[in-house]
Amino acid sequence: MTDTEKKVMVRLCTKILTETDLYEMDMEVKNLVDWICVSEQMKENNNKIRDLTGEYKQIEPKCREGVREKLERMKKLCEERNSLYEKQNELKGQREKLERNFVR
């Protein structure tokens, strides 16, 4: 069935349902109509999910790369800081040694 044929069928069914009490009177008709409505909602949700997933996949690598670069920079900063702490402790030790010599 082509898309045009499907559209015609849906329009015909809609017309029949709006002009009659079939939806309220016939449980099978009600179930069929409800099934179509739920199926359409599922299709819409799936399309939105695909769109959101596609957008996420476009954004994610850039975010990860940015995070990776920042983590590397943070790692280097920590290494530099730790190195300076070590030097600071060595200098404190040297100063204390010199101060002890002053007392003598």
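Start by selecting Leu 17: this residue is partly exposed, with a relative accessible area of 23%. You're looking at a predicted model, by the way. Leu 17 sits in helix α1.

**Stop 1: around Leu 17**

Keep Leu 17 selected and bring up what surrounds it. Which residues touch Leu 17, once you skip its neighbours within four places in sequence? The partners are Leu 22, Tyr 23, Val 29 and Val 33. Hang on to Val 29 and Val 33, as both of them come back at the next stop: they are among the buried residues of α3.

Before moving on, try a distance. Pick the C-alpha atoms of Leu 17 and Asn 82, which are 65 residues apart along the chain. The gap between those two atoms is 77 Å.

**Stop 2: the buried spots**

Now select Val 29, Val 33 and Ser 39, the buried residues of α3. What do they pack against? Colour α1 (3–19) and α2 (22–25) and you'll have the answer, since the buried residues of α3 pack against these two helices. Burial takes in just a small share of the chain: of the 104 residues of the protein, 3% count as buried.

**Stop 3: along helix α3**

Next, select residues 27–103, which make up helix α3. Where does this helix kink? Go to Ile 59, where you'll find a kink of about 30°. The proline Pro 61 comes shortly after that kink.

Then click on Arg 50, also in helix α3. Is Arg 50 buried or exposed? Exposed: its relative accessible area is 54%, and the cut-off for exposed is over 50%. From Arg 50, draw a C-alpha to C-alpha line to Lys 70. The two are 20 residues apart in sequence and 30 Å apart in space.

**Stop 4: zoom out**

Show the whole protein as a cartoon. There are three helices and zero strands, and the pattern along the sequence reads α-α-α. Why call the protein more spread out than a compact globule? Its radius of gyration is 36 Å, while the globule rule gives 13 Å for 104 residues, so the protein is well over that value. If you draw a box along the principal axes, the C-alpha atoms fill roughly 110 × 30 × 15 Å.

Finally, switch on the surface. The protein exposes about 10300 Å², and carbon and sulfur atoms supply 57% of that area. Colour by charge as well: there are 23 positive and 22 negative charges, and their mean positions lie 13 Å apart.

How values were computed
Residues are numbered from 1 along each chain as its sequence is written. This is a predicted model: local features need pLDDT of at least 70, side-chain atom pairs count only at pLDDT 80 or more; totals for chains, interfaces and linings use all residues. Side-chain values use heavy atoms; hydrogens and water are left out. Helices (H or I, at least four residues) and strands (E, at least two) are DSSP runs, numbered from the N terminus. The radius of gyration is taken over C-alpha atoms; the globule rule is 2.2 Å times the number of residues to the power 0.38. Buried means under 20% relative accessible area, exposed over 50%, partly exposed in between (1.4 Å probe, protein chains only). Accessible areas come from the Shrake-Rupley method with a 1.4 Å probe; for residues, only the protein chains shown count as cover. Lys and Arg count as positive and Asp and Glu as negative; His and the chain ends are not counted. The place of a charge is taken as NZ of Lys, CZ of Arg, CG of Asp or CD of Glu. The bend at a residue is the angle between axes fitted to the seven residues ending there and the seven starting there. Contact means heavy atoms within 4.5 Å.
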